[in-house]
Amino acid sequence: MKNHLTTVSRILVAFASGALVAVFFLPVWRIDLFAPQYPEGLTMFIWINNITGQVDIVNGLNHYIGMKHISVDMFPEFKFLPYVVGFFMLLGMAVAITGKRRFLFYYLALTAIGGILAMIDFYKWGYNYGHNLDPTAPIQVPGLSYQPPLFGHKRLLNFDAYSFPDIGGWIVIAAGVLAFTVWFVEWYHQRKAKTNLKSVTKVAVAATLLVLLFSSCSNKPQPFDYGKDVCDNCKMTIVDPKFGGEIVTNKGKVYRFDDGACMIHFLKSGNIKETEISQKLFINFKKQNEFIQISKAFFLLTPELKTPMGGNVAAFISQQQAEEIKKTTGGEIIRWNDLFNKSEYE
């Protein structure tokens, strides 16, 4: 039985393979676009054989810069992807039924190759879509392309584009991690002869929880691209590395500000609800592109700072650092709640 999977491992492989059925009912990927004229965002959902969401609006905007019309017909992959997923489901079930460890290795190798090919195909489509533009488009910027991000965030003109797996995609990732974990534990068991059924279950569950944790903790601040990023409140280009801040939403959208006053005005304007916010951060005055949570920051308010939009406030990681700058500038050291309620920011 050394070359066979344990009963628990076979059940977990069957579960991971069966979970792939989710992609027939849930979107696999999503692309979100945010701009000042679309603060709520535009979203496209990519399914195993379809594209839904606000595709018509996106096509209308892309027409002006010469990008192709997005439609299901432009993706020949949609015709055979359901069969590919069905093949992997059947192959995974065959591994679970036979219980042979080497079959699980072949299954995982094909899974890794399939994932890599899918990402390469997605990248090639994005490159062609963003570079092969209509030469007669109304808006043309020589040398500029509009390739969407393969994964993560990218700035396209005045749009912030975000590309991430959706529910179906995270389920596929979790299923893959679970299957790889089963193989690793079985390999370790063969080498050390110490792994038991209880430890297999614990490791598999822990790996699945790690995937879920990763999917829920992707909302992070983004470093400023000075001279290119634009303040979401005053629309001025961000150039001073000592001031400003960011608001990160639960969806991962990042709002950037060149001045503390702009960030406070934006929060008070009602453009975003408090329940939608994941993080509020200020730039550390002492260190470029290092962010400080507002609850941990010490703020120095003084006209001598000469911030970009006259907010005249800087953030520090400690009161001691703020006191050092105060010796030469004067002013007042306060915390976030008092700063937010200052009358000059009404």
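A cavity is a set of grid points where a 1.4 Å probe fits but cannot get out. In this predicted model, one cavity of 30 Å³ or more was found. The largest cavity holds about 40 Å³ of space. Its lining is formed by Phe122, Tyr123, Gly126, Gln147, Pro148, Pro149 and Leu150. Five of the residues in this lining are nonpolar and two are polar. None is charged.

Open space was examined next. The largest pocket has a volume of about 1,400 Å³. It is lined by 43 residues. The closest to the centre of the pocket are Val28, Leu81, Gly114, Gly115 and Ala118. Several elements give two or more residues to this lining. Two of them are strands, E1 (29-35) and E2 (38-46). The others are the helices H3, H4 (101-131) and H5 (167-192). Helix H4 gives the most, with 12 residues. By class, the lining of the largest pocket has 36 nonpolar residues, five polar residues and two charged residues.

Helix H3 also takes part in a helix pair. Helix H1 covers residues 7-19, and helix H3 covers residues 77-98. The axes of H1 and H3 come within 8 Å. They cross at roughly 170°. Angles over 145 degrees count as roughly antiparallel. H1 and H3 are therefore roughly antiparallel to each other. On the H1 side, the contact is made by Arg10, Val13, Ala14, Ser17 and Gly18. On the H3 side, the residues are Phe88, Met89, Gly92, Met93, Val95, Ala96, Ile97 and Thr98. By class, the contact of H1 with H3 has eight nonpolar residues, four polar residues and one charged residue.

Further along the chain, an open sheet of four strands was identified. The strand order is E7-E6-E8-E9, and the pairing is antiparallel. Strands E7 (254-257) and E9 (291-293) stand at the edges. Each has a single partner strand, so one side of each is left without a neighbour in the sheet. From one strand to the next, the twist averages 25°. Strand E6 spans residues 245-249. Four bridges join E6 to E7, and these two strands run antiparallel. The bridge partner of Glu246 is Arg256 in E7. A helix accompanies this sheet. Helix H7, residues 260-269, lies across E6, E7 and strand E8 (277-283). H7 runs at about 160° to E8. Angles over 145 degrees count as roughly antiparallel, so H7 and E8 are roughly antiparallel.

Another open sheet has three strands, in the order E11-E10-E12. Its pairing is antiparallel. The edge strands are E11 (313-316) and E12 (332-334). Each of these edge strands pairs on one side only. The twist in this sheet averages 25° from one strand to the next. Strand E10 comprises residues 298-301. Three bridges join E10 to E12, and the two strands run antiparallel. Leu301 has Glu332 in E12 as its bridge partner. Helix H8, residues 319-329, lies across E10, E11 and E12. H8 runs at about 10° to E10. Angles under 35 degrees count as roughly parallel, so H8 and E10 are roughly parallel.

How values were computed. Residues are numbered from 1 along each chain as its sequence is written. This is a predicted model: local features need pLDDT of at least 70, side-chain atom pairs count only at pLDDT 80 or more; totals for chains, interfaces and linings use all residues. Side-chain values use heavy atoms; hydrogens and water are left out. Axes are lines fitted to C-alpha atoms, for helices over the stretch in contact, and angles run from 0 to 180 degrees between N-to-C directions. Angles under 35 degrees count as roughly parallel, over 145 as roughly antiparallel, 65 to 115 as roughly perpendicular and the rest as oblique. Contact means heavy atoms within 4.5 Å. Ala, Val, Leu, Ile, Met, Phe, Trp, Tyr, Cys and Pro count as nonpolar, Asp, Glu, Lys and Arg as charged, and the others, Gly among them, as polar. Two strands pair if DSSP finds at least two bridges between them. On a 1 Å grid over the protein atoms alone, a cavity is a set of points where a 1.4 Å probe fits but cannot get out, and a pocket is an open set with protein on both sides within 12 Å along at least five of seven lines; lining residues have an atom within 4 Å of a point. Grid points are joined across faces, edges and corners, and a volume is the space filled by probe spheres set on the points.
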